[in-house]
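Visitor: Before we talk about any details, could you put the model on the screen and then take my questions one at a time?

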Amino acid sequence: MSLILLMPNPDNAKIIGDKLQPYGFTPDYICQRGADALSHAGNDESGVVICTQRFKDMNYLSLLEYLPAGFKLIVMSRDQDVDTSSGRVFLLINPFKTIDLVNKLKEVMDTSYKPSVKRVVSKARTPQEMQIIDEAKPVNTKAQSTKAIQ
């Protein structure tokens with residue numbers, strides 16, 4: 001899964017990329033044009049493109065039309081008129097905090113990546129089980145003390 005930053009201003013893209021790195025997200029590509037992003041996206045089956053509504057050669061809807069089906073967009077915009085009906089476009093209202101972008105990125109990645117290993121959560125012990133454990137502890141301690149003396 002690749003991460004592509006697509007911004008008309010390369011300085012803004014670098015700033016956003018630098019802010020994502022402490023959270024474990026490193027952009028694979030930084031682009032100024034939609035055509036460049038499409039070229040890089042063709043190398044992977046899935047990924048996320050973080051972009052503005054418009055870039056030098058197209059807008060986010062044109063980009064979405066040509067992106068591989070496994071790619072999703074996070075569109076940063078001051079307006080709420082971003083079309084999210086496709087299920088592949090997610091809106092992030094500008095201005096935003098870094099943690100908002102990180103959380104949105106995690107949300108978008110979670111919708112496309114499901115871990116195959118399920119975590120097993122141990123249930124809490126009952127008071128009866130805790131009492132049995134507490135009673136067993138002194139017995140083990142006495143037995144270990146006796147062995148150490150011999």
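The questions below go from the overall fold to the strands, a helix, a peptide bond, a pocket and the cysteines.

Visitor: Which pattern does the chain follow when it is read along the sequence?

Guide: What is shown is a predicted model, and its chain has 5 helices and 5 strands. Of the 150 residues of the chain, 31% count as buried. Read along the sequence, the helices and strands give the pattern β-α-β-α-β-α-β-β-α-α.

Visitor: How many bridges pair strand S3 with S4, and in which sense do the two run?

Guide: Strand S4 covers residues 70-77, and strand S3 covers residues 46-52. One place to see the pairing is Gly47, which stands opposite Phe71 in S4. The two strands pair in the parallel sense, and the number of bridges is 7.

Visitor: Which residue in S5 stands opposite Val75?

Guide: S4 is joined to S5 as well, through 5 bridges, and these strands run parallel. Val75 has its opposite position in S5, and the residue there is Leu91.

Visitor: Why can S4 and S5 be described as largely enclosed by the rest of the structure?

Guide: The cut-off for a buried residue is a relative accessible area under 20%. By that criterion S4 is largely enclosed because 7 of its 8 residues are buried. For strand S5, residues 89-93, the same description follows because the count of buried residues is 4 of 5.

Visitor: Is Lys104 buried or exposed?

Guide: Lys104 is found in helix H4, and, leaving out residues up to four places away in sequence, it touches Ile74, Phe90, Leu91 and Leu92. Its relative accessibility is 17%, and since the limit is under 20%, Lys104 counts as buried.

Visitor: Which residues is Leu105 in contact with, leaving aside its neighbours within four places in sequence?

Guide: Leu105 is also found in helix H4, and at 0% relative accessibility it counts as buried. From Leu105 to Leu92 the C-alpha to C-alpha distance is 9.9 Å, with their positions 13 residues apart in sequence. The contacts of Leu105 beyond its sequence neighbours are Leu3, Leu20, Phe25, Val48, Ile50 and Ile74.

Visitor: What kind of peptide bond joins Asn94 and Pro95?

Guide: Pro95 lies in the loop between S5 and H4. As background, most peptide bonds are trans. Between Asn94 and Pro95, however, omega is about 0°, and the bond is cis.

Visitor: Which element gives the largest share of the lining of the largest pocket?

Guide: The largest pocket has a volume of about 170 Å³, and its lining is made up of Ile15, Ile16, Lys19, Met76, Asn94, Pro95, Phe96, Thr98 and Leu101. Two elements give two or more residues to this lining, namely helix H1 (10-20) and helix H4 (98-112). By residue class the lining divides into 6 nonpolar, 2 polar and 1 charged. The largest share, 3 residues, comes from H1.

Visitor: How many disulfides does a search of the whole structure find?

Guide: A disulfide is a covalent bond between the sulfur atoms of two cysteines. Cys31 is buried, with a relative accessible area of 4%, and Cys51 also counts as buried, at 0% relative accessibility. Across the whole structure, the number of disulfides found is 0.

Methods:
Residues are numbered from 1 along each chain as its sequence is written. This is a predicted model: local features need pLDDT of at least 70, side-chain atom pairs count only at pLDDT 80 or more; totals for chains, interfaces and linings use all residues. Side-chain values use heavy atoms; hydrogens and water are left out. On a 1 Å grid over the protein atoms alone, a cavity is a set of points where a 1.4 Å probe fits but cannot get out, and a pocket is an open set with protein on both sides within 12 Å along at least five of seven lines; lining residues have an atom within 4 Å of a point. Grid points are joined across faces, edges and corners, and a volume is the space filled by probe spheres set on the points. Ala, Val, Leu, Ile, Met, Phe, Trp, Tyr, Cys and Pro count as nonpolar, Asp, Glu, Lys and Arg as charged, and the others, Gly among them, as polar. Buried means under 20% relative accessible area, exposed over 50%, partly exposed in between (1.4 Å probe, protein chains only). Contact means heavy atoms within 4.5 Å. A disulfide is a pair of cysteine sulfur atoms within 2.5 Å. Two strands pair if DSSP finds at least two bridges between them.
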